[in-house]
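Visitor: Before I accept the labels attached to this structure, I should like to hear the reasoning behind them. Would you take me through it?

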Amino acid sequence: MPCKEEDNVQETFPLRLYPWQKARGPSDLSQNRLSVTLAGLKLASPTMLASGILGYSAETFESIAEGGAGAIVTKSIGLKPRSGYVNPTVVQVSCGLVNAMGLPNPGMDEFAHEIRRAKTVLRVPLIASIYGYSEEEYAQLAKKAVMAGADAVELNVSCPHVKQTGSEIGQSSELLAATVKKVKTIVDKPVIVKLSPNVTSIADLAEVAAKAGADALTAINTVKAMVINAETGMPMLSNRVGGLSGPAVKPIALRCVYDIFEQVKIPVIGCGGITSWRDAVEFLLAGASAVQIGTAIAMKGPNVFSSITRGVSVYLRKNGFKDVNEIVGLSHHRQ
Ligand SMILES: Cc1cc2nc3c(=O)[nH]c(=O)nc-3n(C[C@H](O)[C@H](O)[C@H](O)COP(=O)(O)O)c2cc1C
């Protein structure tokens with residue numbers, strides 16, 4: 001079944017009349033209604049590049065930021081270089097991708113040069129995504145990233161396909177709390193925790209991270225998945241199991257953000273299957289203060305940031321909202 005496309009902001013307005021519209025009418029065009037402050041980070045737009053989708057280079061990050069992204073999240077970096085799994089590492093499925101890259105990365109000492117270089121050209125916050133095999137490793141990585149100039153760190157405690165890191169940490173309340181607490185004692189920049197949907201209650205783990213001192217949460221990483229080839233009779237990914245991303249996971253991610261917003265007070269960054277301004281608005285209404293975009297870049301190209309930010313802005317104006325913060329969590333309000 002093809003994925004539904006609802007991207008054209010001109011054709012889809014006016015939206016049906018929402019209860020709040022009656023009282024407001026269209027708002028003033030002149031203001032920057034898209035800026036948000038998230039865990040102390042100032043973003044000109046509530047859209048961010050999700051971790052791992054584009055390489056490591058400062059130039060790539062710069063072009064994504066110029067296209068409208070309000071912040072950049074790097075690929076997840078570990079202490080030592082890692083080559084990742086052999087191909088095939090990404091398979092296209094209906095409405096999404098299943099990947100098991102195996103966290104290929106050059107190691108933090110090498111990557112720190114790229115963080116320094118990126119900071120000389122980027123005018124948006126740079127968030128270093130890190131993964132480790134112990135709380136000490138996460139803390140060491142966070143320190144190195146911040147010393148190189150990262151404006152914040154995102155703890156990848158949710159990768160579904162590498163043993164002894166990622167979701168093996170994020171699925172355990174004890175390991176998660178210890179990791180967040182340790183990182184918070186080492187760095188004075190915002191610590192964002194990226195959560196796994198592959199758990200019984202993502203909201204409970206969000207609460208654990210918040211109580212341990214996390215400044216914000218990203219929900220979600222990929223959903224554990226696999227693909228089997230009927231012709232060969234074999235799993236298609238070399239690692240057999242990987243993570244599903246793209247439009248196929250959007251309703252799961254949306255429910256995760258909604259549940260977390262009900263239970264936890266710190267900001268949530270929505271991620272999973274966002275390809276249009278309408279998707280972004282749905283995440284904001286569910287309780288996300290900003291959104292990350294990954295697979296849509298592979299589907300639609302980097303211009304997806306400008307079309308989403310433009311569409312969100314038009315939505316806000318047409319529905320009479322002063323700025324984007326006014327719609328965060330609005331779907332929770334009883335009408
Ligand atoms: C090819 C690929 C590589 C990824 N690498 C990482 C990574 O290194 N670290 C991480 O935290 N998430 C990684 N992710 C997960 C994305 O950041 C994101 O959480 C997920 O894909 C859902 O968002 P999307 O549907 O917009 O892609 C990766 C996803 C894909 C498709």
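Guide: The conversation below sets several labels against the values that support them. Please note that this is a predicted model.

Visitor: What makes the pair of Tyr131 and Tyr133 edge-to-face?

Guide: The ring centres of Tyr131 and Tyr133 are 6.1 Å apart and their planes stand at 80°. Ring centres must lie within 6.5 Å to pair, and planes over 60 degrees apart count as edge-to-face, so both conditions are met.

Visitor: Why is the pair of Trp277 and Tyr315 called tilted?

Guide: For Trp277 and Tyr315 the centres are 6.0 Å apart and the angle between the planes is 40°. Stacked requires under 30 degrees and edge-to-face over 60, so an angle of 40° falls among the rest, which count as tilted. Under this rule the model holds 2 aromatic pairs.

Visitor: What does the pair of Trp277 and Tyr315 tie together?

Guide: Trp277 belongs to helix 10 (residues 277-286) and Tyr315 to helix 12 (residues 304-318), so the pair links parts that are 38 residues apart in sequence. Both Trp277 and Tyr315 are buried.

Visitor: Why is Tyr131 called buried, and why does Tyr133 count as partly exposed?

Guide: Tyr131 has a relative accessible area of 2%, and buried means under 20%, so the label follows. Tyr133 has 35%; because exposed means over 50% and buried under 20%, a value in between is partly exposed.

Visitor: How do you know that Leu103 is buried?

Guide: Its relative accessible area is 5%, and the cut-off is under 20%, so Leu103 qualifies. Leu103 sits in the loop between strand 6 and helix 4 (108-121), and has a positive phi of about 50° although it is not a glycine.

Visitor: Why is a positive phi worth remarking on?

Guide: Because most residues other than glycine have a negative phi. Cys95, in the loop between strand 5 and strand 6, also has a positive phi, of about 60°.

Visitor: How do you know that strand 5 and strand 6 pair?

Guide: Strand 5 and strand 6 (residues 96-99) share 4 bridges in the antiparallel sense; at least two are needed, so they pair. One bridge partner in strand 6 is Gly96, opposite Val93.

Visitor: What makes strand 5 and strand 11 edge strands?

Guide: In the open sheet of 4 strands, the order is 5-6-14-11 and the pairing is antiparallel. Strand 5 (90-93) and strand 11 (223-226) each pair on one side only, and are thus the edge strands.

Conventions:
Residues are numbered from 1 along each chain as its sequence is written. This is a predicted model: local features need pLDDT of at least 70, side-chain atom pairs count only at pLDDT 80 or more; totals for chains, interfaces and linings use all residues. Side-chain values use heavy atoms; hydrogens and water are left out. Helices (H or I, at least four residues) and strands (E, at least two) are DSSP runs, numbered from the N terminus. Buried means under 20% relative accessible area, exposed over 50%, partly exposed in between (1.4 Å probe, protein chains only).
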